Amino acid sequence: MNSKIELNRDKHDELDGPPQFRTRPKVTIVSAVYNVQDYLDDYLSSLNRQESVHDLEVILVLDGSTDDSEQIIRQWSKSTSVTHKILVKPNGGQASARNLGIKSATSDWITFCDPDDYLADDYFTKLISFMGEDVQDQASMYVTRIVSFDEATGEMTHGHPLGKRFRDGNRLVDLNRSPNFFHMSGATAVVRRAELQRLNHFFNEELTFSFEDAHFVSSYLLQQEKPIIGICAESSYFYRRRAAGNSSVQISALKEEKYGQVIEAGHLDLLARAKESQGIVPEWLQMLLLYDIFWYFRGDRRVGAPSRRLSPEVQQKFHTLIEQVMSDISATSVLKFDLMPTDFDLRDALIFGYKEKQHRPSKVYVESIDVQRRMTLLRYTFSGDRPTEAITYKGLEVVPLHAKVRPISFFGRTLFSHRYLWIASNGTFDISIDGEQQELVLGKRTRTHYSLRPYTVSKALAGIDITRPAVKPSKSKLSSSKAHLTKFVKNVKKQILVTEKQKTAKNDDLLLKRASSVSNSRKFKNSWLFMDRIFRANDNAEHLYRHIQNNHPKINSWFILEQDSKDWNRLEKEGFRLIAHGTQEHKIALLNAQMYASSHLDKFVTNPLEGKLASKGKWKFVFLQHGVTVHDLSYWFNGKKIDLLVTSTTDEYRSIVGDDTAYRFSSKEVALTGFPRHDALVIDGQAKDAKWILVSPTWRQNLVGPSDASGKRTKIEGFSESEYALSWSGFLNSQKLKFIAEANNLKVGLLPHPSLADYVDDMNLDEHVKVLDWDDQPFAEYIRESAVLVTDYSSTAFEAAYGDVPVVYFQFDQEALKSGSHTYDSGYFEFETDGFGPVEVEVSSAIDATIQSIENGQSPEYRARIQSTFVHLDSLNSERVYQEMSKLVRPARHNEVFEP
C-alpha cells in the first residue's frame, strides 16, 4: 500500500506503488493526466488486465487536473497490483508532464499511452514477444496498431489512414527504404530509454497541443544511424474519439497557434534538424510533413471550417511558414504521396501555390462531352497572372460563350486556378496558351508514377495480384483451437460477403433486364422524374411537376415520394403519377429516365442507384434548389454532377457562374429562371388576407443529430437549455407580441424547420403560439396569409420578399454562428446591406421591429432591394425552368456555344 503523505503542489512529488519487480521492468508507460476523469476507469482497468503486468512500470503524471482525476488514481493505487508511480506537478501541458515521467523511468523501453484511451489485454504480451524476435537488436523504436473507438456509436474501426503499415503483420522496416512507414503517435510509439538519455532527448514543450508526438518521434529517429522501426501489428491500442468532441486533437483546429507556432517549432525545426544531422531531408520526413500539411488543407475547405475565421495576419503568417516548409519538400514527393486519398487540387495547391507561382500548363484536358448538346469541356490549370489563350475551331479562331476561371483558394489566398471552356464537339479544334500550342489529353488527369509497387503493376497489367506471396502463419500464442475458431469465423464472414455480392449482382442483372423490357421501356421511355425530399413534397419539384403536367402533357413525367408520406394521398388525389421511393419501379424508371430533377442535393438524391446499376442511368440531373444560395456552398456543389442548376436572383447567379468564384459551374450549367414554387406567391389583383405573424427560423448543425439514410435526423438531449430555444421561446411567448397580434386580428404562428420540428415540445411555448406544419398547406399559402415573416438566416426571407411580405431577421447568435455552430461560410449576401428587413440581435428589439412592420407594412427601402434582387417577379418561373430543361436534350446552336 502507498503511504499517505501531504503533497506539495509546488514540487514534483513522487509516490511508489507496490515493490513487485523481481527484475528491472521491460517497458515504462508514462501517461500525462489532465482532466480525464470520465475515461480513467477504462484506461486503468486495461492496465490491470495486462497479461505481462510484471514487465511493466506505470508512471502517472498528474498535470494540475481540476477534476476528480487525482482521486480516481489514488483509489486505483490502493488496490492495483500494477507497479506504478504517481507524480504531481503544476499544469504545464502534456509535453512537460511526459518529460517528467521520462526522468523517473527505470525500464529499457518507454511509451506514452494517453489516459483517455485504453489497451487490449495482450497489448504488452504481443509487443514484448515481438521485441524478443529482434535478435540483432536492430529496431530503434516499435509502433503498435491504432483501433479507433467512436464513443458516440461504440463502433471499432481500423480505418486510420496510416493503418496500411500493419496489413502484412509484424516486421522490421527501414524508413530509408520504406518512407511511407513513418510514425506520428507518441501514445503508440515505444522508444529506447538509453537512447533518450544518450541524446538528452525530450518532448518539445513549445508544442502544447498539436504535433508534439510527431516532433518527438521524428527528431529521435533523425539521430539514429538507421531509422528502423518494429511494426507490431498484433498489439491493439484503442484510440477514443470522444462523443463530446473536446479532446486536444479534436479542438486543435480552433487554436491560432496551430497555424503558426506548431509549424515553426514543429515542421521547420524538424527540417533544420534533418539538414544539420544528415545534410538532406529524408523522404520519410517529407512524407510525414506532407501528411500533416494535407490535413490542414483538407480541413480548410470544409464548409464552416474554423480556419475560415482566422485573421488575415494569422493566414498570412501561415502561408509564409508553409512556403518555408515547402522549400525543402520536392514536387516529386507531393505527387508521389499516396498515404490517403489526395486529389489534384490539394497537390497543386502546394506545388503551384508555393513552388511554381507562375505555372503555365503544358497540357489541356478534354474532360467530358455532353452528347445531347454536342459540346466538349476543356480544362487547364495555371497560377499567377492569367495567361492568354487562343482557340481554333474548324480553322477559325473562336471565343467560347461558356467559360470561367475558378480560383482554388486556401486560408484566404488563391494558390492557383482552373480554367473551364465549353466548345462545340462537331469540329476539329486546337488551343494555344501564351502563344504555345497545347497537348490535348483525352479524359481527366491521372496520377503521375515515379515509383511502382509490384502489386500496382500486376493489378493494372494482369488484372490480378500475381506478386503477393501466401500469407505466413501468424506467430500468435493463441491456442490451436482458438486460432482455428478465429479463422473459421473470418472465413464465414468472408463467405457471407461474397454471397451477398453475388446476390446483389444477380438482382441487378434481373433489374436491368426488366428495365429494358418492352412494357417498361414504353412506360418510362425518356421520362422526366421529379422529387423533393424522400418523405415530403411541397417544394420546387412538386410545383414544377404540376406546371409541366398541366401545360406540357406530352412530357412523360413522374413524381417520386415515400408511399407513407403525408403528401402521398394529397398528390394522388390531384392526379400526380407517383412512384414509391426505393422500389424496383423507382429504379426501373431511373434506368429509362431522360431527366431527373430535385430540390435537394443529398447523396441519396444524386446517387440513387448503387453497384452495377450506378453507371447505367443516363439522365440529366437538374438541381432545382431548396433555397436561394446566399453562402458559399461551392465545396458541396462542386462534388456533384449537375447538368442544370436553377437560380433565383441576379447576385446568386453571378456568385456561381462568375469568374473568380469558387464554383466550377459556368453559364452552360446554370440558369437564372426563378424558383418554380415562387409562382404561387404572385397574386395579381387579389386582396391580401393576413392572419399570421409567421415565425420560421432555420436549424443549427450543433442542435440536431446525424442524418440517417433517408435524411431524417436523430434527436439530441439538452435542446431546451440552448440559446436557440431560450431566445426563440422568449420572442414567441412575449406578451407584448401577443397583445399586438390580438389588436391586429393576427395569430403568432411557429413554422419550425423540419430538422427542428421534433424539439418544439421542449420550448415550453404559451398557448397563444400556434405550431404550424409544413404538411398542412403549401408554404406559399403561409406567406400569402402573413403580415410579417420573422426568421434568422433562412432563405424563407426570399419567399416573403417575392410575395411582398415584410421581413424581420432575429439573429441572436451571430457570433456563435461565425464560430462554427452551423454549416456556414459567408458568401456575397450580407443581411444588413442586402436583406429585406431589419436585423436584430435582442428579443426586445426584434419584437419592436416586428410590431413596426405590422403597423407600417413594407418600407420603400426594402421594396427597392427586392426590385433589384429579383430579375423576375412574376408567375412564369416554372415555364422558364421547363424551357431550360428542354435545351438539355437538343444540340446547341453555334450562337449558344461561341460568342458572335
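Reader: How many bridges join strand β16 to β17, and in which sense do the two strands run?

Author: As a general idea, strands of a sheet pair through backbone hydrogen bonds, and the pairing is either parallel or antiparallel. In this model, which is predicted rather than determined by experiment, strand β16, residues 403-410, is joined to β17 by 8 bridges, and the two run antiparallel. One opposed pair can be picked out by eye, since serine 409 stands opposite threonine 414 in β17.

Reader: What should I look for in the hairpin of β16 and β17?

Author: That hairpin has 2 residues between the strands, and phenylalanine 411 takes a positive phi near 50 degrees there.

Reader: Which strand pairs with β13, and over how many bridges?

Author: Strand β13, residues 375-382, pairs with β17 in the antiparallel sense over 8 bridges, and within that pairing leucine 378 has leucine 421 of β17 as its bridge partner. Strand β17 itself, which spans residues 413-424, is mostly covered, with 10 of its 12 residues buried.

Reader: What is the order of the strands in the open sheet of 4 strands, and which are the edge strands?

Author: The order is β15-β14-β18-β19, with antiparallel pairing. The edge strands are β15, residues 396-398, and β19, residues 436-437, each of which pairs on one side only. To follow one of these pairings residue by residue, take β14, residues 389-393, which runs antiparallel to β15 and is joined to it by 3 bridges; here tyrosine 393 stands opposite leucine 396.

Reader: How many cavities does a search of the whole structure find, and what lines the second largest?

Author: The search finds 3 cavities of 30 Å³ or more, and the second largest has a volume of about 60 Å³. Its lining consists of Pro697, Phe719, Tyr724, Trp728, Leu750, Pro752, Leu756, Val760 and Met763. By class, the lining of this second largest cavity divides into 9 nonpolar residues, with no polar and no charged ones, where tyrosine, tryptophan and proline are counted as nonpolar.

Reader: Is lysine 26 buried, exposed or partly exposed, and what does it touch?

Author: Lysine 26 lies in the loop between β1, residues 13-16, and β2, residues 27-33. Its relative accessible area is 29%, and therefore lysine 26 counts as partly exposed, because that class falls between the 20% and 50% cut-offs. Leaving aside residues up to four places away in sequence, lysine 26 touches Asp55, Ser107, Asp108, Trp109, Ile128 and Met131. The C-alpha atoms of lysine 26 and glutamate 57 are separated by 7.9 Å, although these two residues are 31 residues apart along the chain.

Note on methods
Residues are numbered from 1 along each chain as its sequence is written. This is a predicted model: local features need pLDDT of at least 70, side-chain atom pairs count only at pLDDT 80 or more; totals for chains, interfaces and linings use all residues. Side-chain values use heavy atoms; hydrogens and water are left out. Two strands pair if DSSP finds at least two bridges between them. Buried means under 20% relative accessible area, exposed over 50%, partly exposed in between (1.4 Å probe, protein chains only). On a 1 Å grid over the protein atoms alone, a cavity is a set of points where a 1.4 Å probe fits but cannot get out, and a pocket is an open set with protein on both sides within 12 Å along at least five of seven lines; lining residues have an atom within 4 Å of a point. Grid points are joined across faces, edges and corners, and a volume is the space filled by probe spheres set on the points. Contact means heavy atoms within 4.5 Å.
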